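The questions below work through the strand pairing, helix packing and charged contacts of one protein chain. Each answer ends on the item asked for.

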Amino acid sequence: MHIRTAAIEDLSKIQELYQRVARQKSGLARVEEEITEDYVKNFLLKSIDSGLILVVEHPEESERLIGEMHAYPPGPAVFSHVYSNLTIPVHPEFEG
């Protein structure tokens, strides 16, 4: 597997991963219909700008993500040293 920092160009791949994980009953706090391009773009840009965002590429298909992790500061300057909104979706085929 290849782990790297995510870029804005990963938006559609991240959205696809989140939608796939959201289909699982205990996958994410959001349902598949809530995983919109705007939703993903929002956390992607915040994480790139002031947080951390990593993606895990499929070992044989680099265009397919099997995992992602992001976190970023919640907003007020007093919390600029704290990361929150941590999310780590893993493709169901690679869980365990």
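A salt bridge here is a side-chain nitrogen of Lys or Arg within 4 Å of a carboxyl oxygen of Asp or Glu. The model is a predicted one.

Q: How many salt bridges does a search of the whole structure find?
A: A pair counts if the nitrogen lies within 4 Å of the carboxyl oxygen. With the whole structure searched, the number of salt bridges is seven.

Q: Which strand holds Arg 4, and which holds Glu 57?
A: The side chains of Arg 4 and Glu 57 form a salt bridge, with 2.7 Å from N to O. The two residues are 53 residues apart, and the pair links distant parts of the chain. Arg 4 belongs to strand E1 and Glu 57 to strand E2.

Q: Which residue stands opposite His 2?
A: Strand E1 (residues 2-5) pairs with strand E2 (residues 52-57) in the antiparallel sense, over four bridges. His 2 has as its opposite residue in E2 Glu 57.

Q: How many bridges join E2 to strand E3?
A: E3 covers residues 65-72 and runs antiparallel to E2. Across this pairing, Leu 52 stands opposite Ala 71 in E3. The number of bridges joining E2 to E3 is six.

Q: Which residue in E4 stands opposite Tyr 72?
A: E3 and E4 pair in the antiparallel sense, over two bridges. Opposite Tyr 72, in E4, is Ser 84.

Q: Which strands stand at the edges of the sheet?
A: The sheet is open, has four strands with antiparallel pairing, and follows the order E1-E2-E3-E4. A strand at the edge has a single partner strand, so one side of it is left without a neighbour in the sheet. The strands in that position are E1 and E4 (84-87).

Q: Are H1 and H2 roughly parallel or roughly perpendicular to each other?
A: The axes of helix H1 (residues 11-22) and helix H2 (residues 37-50) come within 10 Å and cross at roughly 115 degrees. Angles of 65 to 115 degrees count as roughly perpendicular. The relation of H1 and H2 is therefore roughly perpendicular.

Q: How many residues in the contact of H1 with H2 are nonpolar?
A: H1 contributes Leu 11, Ile 14, Gln 15 and Tyr 18, while H2 contributes Glu 37, Tyr 39, Val 40, Lys 41, Phe 43 and Leu 44. One of the residues in this contact is polar and two are charged. The nonpolar residues number seven.

Q: Which strands does H2 touch?
A: H1 lies across E1, E2, E3 and E4, at about 100 degrees to E3. H2 also packs on the sheet, and its direction makes about 65 degrees with that of E3. The strands touched by H2 are E2 and E3.

Definitions and conventions: Residues are numbered from 1 along each chain as its sequence is written. This is a predicted model: local features need pLDDT of at least 70, side-chain atom pairs count only at pLDDT 80 or more; totals for chains, interfaces and linings use all residues. Side-chain values use heavy atoms; hydrogens and water are left out. Axes are lines fitted to C-alpha atoms, for helices over the stretch in contact, and angles run from 0 to 180 degrees between N-to-C directions. Angles under 35 degrees count as roughly parallel, over 145 as roughly antiparallel, 65 to 115 as roughly perpendicular and the rest as oblique. Contact means heavy atoms within 4.5 Å. Ala, Val, Leu, Ile, Met, Phe, Trp, Tyr, Cys and Pro count as nonpolar, Asp, Glu, Lys and Arg as charged, and the others, Gly among them, as polar. Two strands pair if DSSP finds at least two bridges between them.
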